[in-house]
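Work through the exercises below with the sequence and the coordinates open. Each task is followed by a solution in steps.

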Amino acid sequence: MSHVLRMAIGAIGLVALGRCLTLLLGMKRDDAESWGVSVVLGILGTSWGLFLYSFVGGTLGAVVSWGLTIFSITLVAVDYVRKTQNRKQEVQPRPDPPSELAVVCTWIIGVLIVGALVQSLLTPQRFWDERAIFAIKAKVLWTEKTIHSPVLRNPDFVQYHPKYPLLIPLAEQHLYAHMGGVHDRWAKVIFPMMYAGLVLAFSGVLGRHFGRGWGALGALLLALTPVLMPYEYGFLSGQADAPMGCFHGMAVLYLWDLLTFRPESGMRSGLLAGLFAASAVFTKDEGIAFFMVHCAAVGLALLLGRSQSSPRGLVSKLHVLAKPAALFLGTVSLLAGVWFLHRRTLPDTTEMSYFGRVSVSLLIERLPTLGWSIPHLLSRMLWEWRTWGIQWWLVLAALVTEFRKCLQTSQQFLLWNLLGTVAALLVAGMVAPAELEEHLGGSTHRYLIQLVPVGILFVASQWGPMRPATENVGYGTVTAE
Amino acid sequence: MTSPPRIERCQSIIAVVAVVTGVLLSLVTCVGWLFPVEVFQDWGFRQAPQNDPYAQFEFVGRGEAVWWMCCFLAPLGAAACGFLFVKRVNVAPVVVGAIEEIASLTSGRFSVVRRLAVLAVILIGVVHLVGGVWQRVKDWPYYRLNSGETVLPNVSESNREVIRYLQQSTPEEATIFIASDQKLYFLSYYLWPRKVVHRMHPDAEHLIPRANQGRQLAAYRLNELSEGVVLQGQPDFIVEYFEGPDFVEPERHTEDARWLHFTRENHRDANYTPPFLFTLTPTAEWKSR
């Protein structure tokens, strides 16, 4: 069996695992959201699973990876057979007729996903970060079969950022285990899969809120953003910026869903947001800052959101939000906690140690750097639209044209989140032990990739058809649909 | 409610577009299948600037990529056009309905801004997608379907030579200690499962190298490191590899006879001397010095 076919089976196994997890979460409909979340959950579930398994002493490799794939595909097949039998016995409610706009957009999105997959697999891994940080760790994990490898703990072993998280290396290692060797070109399949998952999940969640047509159109706007695809450092490469965009975007998507207080949102959104936020932490160190921004943005949105004008409303919403928020915080703390336990054992060579370096005196001392970094950032976001796309112009347009809507809790959350993550980049530029212009100048375009889904979510939700005037306070629990 | 005349007009447009595009793509397909790849490579060669072998290599590869697209992508497009033509009665109401739905969803205040925004995103997206396809055509000469190990992409010529030499001169399970003023990440990546170990100078940790030794990175010379540091990871081989002007020692460039033989064979020049310092020494031999 050729390694390409085995890679394909591994990729199907990832989706199957994700499908098992979404079924466990009660997402039983065959809609865009379920499949989008399945793809992304499959990848993160595999990496987290392998990490925890290896953390407690398990041996990575073909046995565990093939076992996981066969187990997942079998479970999905059993579920499919069971569903088919039940369908014969039960009268199923007719699914909502999809809108014509949704049909057209879904076809175009399908073509874009296939295009991303083909283009991604047309080149081997070839950029700095994808090889120096992530793929080298994947090779070591594949050969050494454990995250506790002495090689990864050796401060003199040549790898960039030894403390960087292992989600991508473990996912690549999983595919190497299927292929029986290191083929870095074919392991890139996970990146267009994340693109597909992100776009489908956006389509589904926006569709739930604004109707299928608008959901699919919003997803199409996201899928057509050049900096995500076909820009080379986006989903076509093995860099971690686009996956960060995927996990961060989906964490924000489900937190936003939570903050709309719709009956169908609730514990499941809290759990999904937690899983995606934890996976952002497990993909790149920016995920830690993003998690802090999420917490601050939720707090600010609840305090300052328009619907919080009456104390009764605020108290009642805090009461409703308590359980999902606890689930979100608990999920991130638990998963990221285990990662940080392991991270402590890894060497510090070439680490920037942003968090350790932050101090009031340093921030005051480096304040003048903003004189360069803010204009640079604005230029990247707005003046260089021919290269990266017009998404930041759309954010401004959506903000100005629907300013009153920005006062709503859910929209404020998105705004604070965007502002917080941009501020985090400026602070990183202030404290990094590297030349500012070289450091930020060479990375802002990649950092902004991570924020694009949030920007498009803001635009789509600002311009989305009006929702019912009364907000629903109170969620259902995780229920089967 | 969609008016029938609109649907009929849309059907006609779909029919015309599908026929014209389908015929064009069918012709392209015929060209691809009737002419061998060499015709396309020759066409590429003739587009390249004269006396520039790198450009000629690129253009020949691009010609080959265009041939692949003619053979396989064009028939797919032609088939899609055929499908559209046959199904135009079913497709037209969906397209008209979708356009009307967009118009309705973006109506209200500032509808012009919203519609222009959607149109702009689609237009820019399509332009970039076409650019992406052309970029893959440009990439093809370098990558084809080869593995990264075969291509060694985005690696300097000197790095490439060192990687090839170490791959053939050291066993796969070897640990190699390298004293160097270079960032060795790609060596480490392509030499794995050989373990590349290097003591990085603290002043070089957060510096990014520049092309053609445009930035001299701080580094430890081998004789500046204690034996304990060098032997800490129990290396099987010790390498000295310096390219920067502060570290090269021209009188030592011919010190390693096997390396010199390799690189002279590689350059097909019996008198070639590399402009950088490279030596490979088995640890036992190094210890005995």
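The exercises that follow concern a predicted model.

**Exercise 1. Confidence in chain A**

Task: State the mean pLDDT of chain A, and find where pLDDT stays under 50.

Solution. Start with the whole chain: chain A has a mean pLDDT of 92, and 93% of its residues reach 70 or more. Next, go to the stretches where confidence drops. Over residues 468-473 of chain A, pLDDT stays under 50, and the model has nine contacts beyond four places in sequence for them. Residues 476-481 of chain A also stay under 50, with 16 such contacts in the model. Predicted coordinates should not be read in detail where pLDDT is low.

**Exercise 2. The side of chain B that touches chain A**

Task: Count the residues in contact between the two chains, then describe the side of chain B by element and by class.

Solution. Counting first, 49 residues of chain A are in contact with 45 residues of chain B. The elements of chain B that give two or more residues to this side are helices H4 (88-105), H5 (111-143), H6 (148-151) and H8 (185-191), together with strand E2 (195-197). H5(B) provides the largest share, 14 residues. Sorting by class gives 27 nonpolar, 11 polar and seven charged residues on the side of chain B that touches chain A.

**Exercise 3. Helix H7 of chain B**

Task: Check the length of H7(B) against its number of residues, and decide how its buried residues are placed around the axis.

Solution. Step one is the length. Helix H7 of chain B runs over residues 157-169, which is 13 residues, and at 1.5 Å a residue the expected span is 18 Å; the end C-alpha atoms are 18 Å apart, so the two agree. Step two is burial. The buried residues of H7(B) are B:Asn159, B:Glu161, B:Val162 and B:Leu166. These residues cover an arc of only 160 degrees around the axis, so they sit on the same side of H7(B). Step three is the other side of H7(B), where B:Glu157 and B:Gln168 are exposed. Step four is the cover: among the elements of chain B over the buried residues of H7(B) are strand E1 (175-180), H8, strand E3 (237-242), helix H10 (257-267) and strand E4 (277-282).

**Exercise 4. The nonpolar cores**

Task: Which residues touch the most other members of the largest nonpolar core?

Solution. The largest nonpolar core has 194 residues, and those that touch the most other members are A:Val40, A:Met194 and A:Tyr195. Helix H9 of chain A (residues 190-210) gives the largest share of this core, 14 residues. Now take A:Met194 and leave aside its neighbours within four places in sequence: A:Met194 is in contact with A:Val40, A:Ile43, A:Phe235, A:Ala242, A:Pro243 and A:Cys246. There is also a second, separate core of 11 residues, which includes B:Leu25, B:Phe40, B:Ala74 and B:Trp140.

**Exercise 5. Helix H11 of chain A**

Task: Compare the expected and actual span of H11(A), and say how many of its residues are buried.

Solution. With 19 residues at 1.5 Å each, H11(A) should span 27 Å; its end C-alpha atoms are 26 Å apart, which agrees. As for cover, 19 of the 19 residues of H11(A) are buried. Just after H11(A), A:Phe261 has a positive phi of about 55 degrees.

**Exercise 6. Backbone details in loops**

Task: Locate the cis peptide bonds before A:Pro230 and B:Pro193, and the loops that hold B:Phe110 and B:Asn154.

Solution. In chain A, the bond between A:Met229 and A:Pro230 is cis, with omega about 20 degrees; A:Pro230 is in the loop between helix H10 (212-223) and helix H11 (241-259) of chain A. In chain B, the bond from B:Trp192 to B:Pro193 is cis, with omega near 20 degrees, and B:Pro193 belongs to the loop between H8 and E2 of chain B.

Turn to phi. B:Phe110 is not a glycine, yet its phi is positive, about 55 degrees. B:Phe110 lies between H4 and H5 of chain B, in the loop, and counts as partly exposed with 16 other C-beta atoms within 10 Å. B:Asn154, also not a glycine, has a positive phi of about 50 degrees. The loop between H6 and H7 of chain B holds B:Asn154, which is partly exposed with 14 other C-beta atoms within 10 Å.

Methods:
Residues numbered from 1 in each chain as written. Chains lettered and ligands numbered in written order. Predicted model: local features only at pLDDT ≥ 70, side-chain atom pairs only at ≥ 80, totals over all residues. Contact = placed C-beta atoms within 7 Å. Helix = DSSP H or I, 4+ residues; strand = E, 2+ residues; numbered from the N terminus. Nonpolar A, V, L, I, M, F, W, Y, C, P; charged D, E, K, R; others polar. Expected span 1.5 Å × (residues − 1). Buried ≥ 20, exposed ≤ 12 C-beta atoms within 10 Å, placed from the backbone. Arc of directions from axis to C-beta. Core = buried A, V, L, I, M, F, W, Y, C linked by C-beta atoms within 7 Å. pLDDT = per-residue confidence, 0-100.
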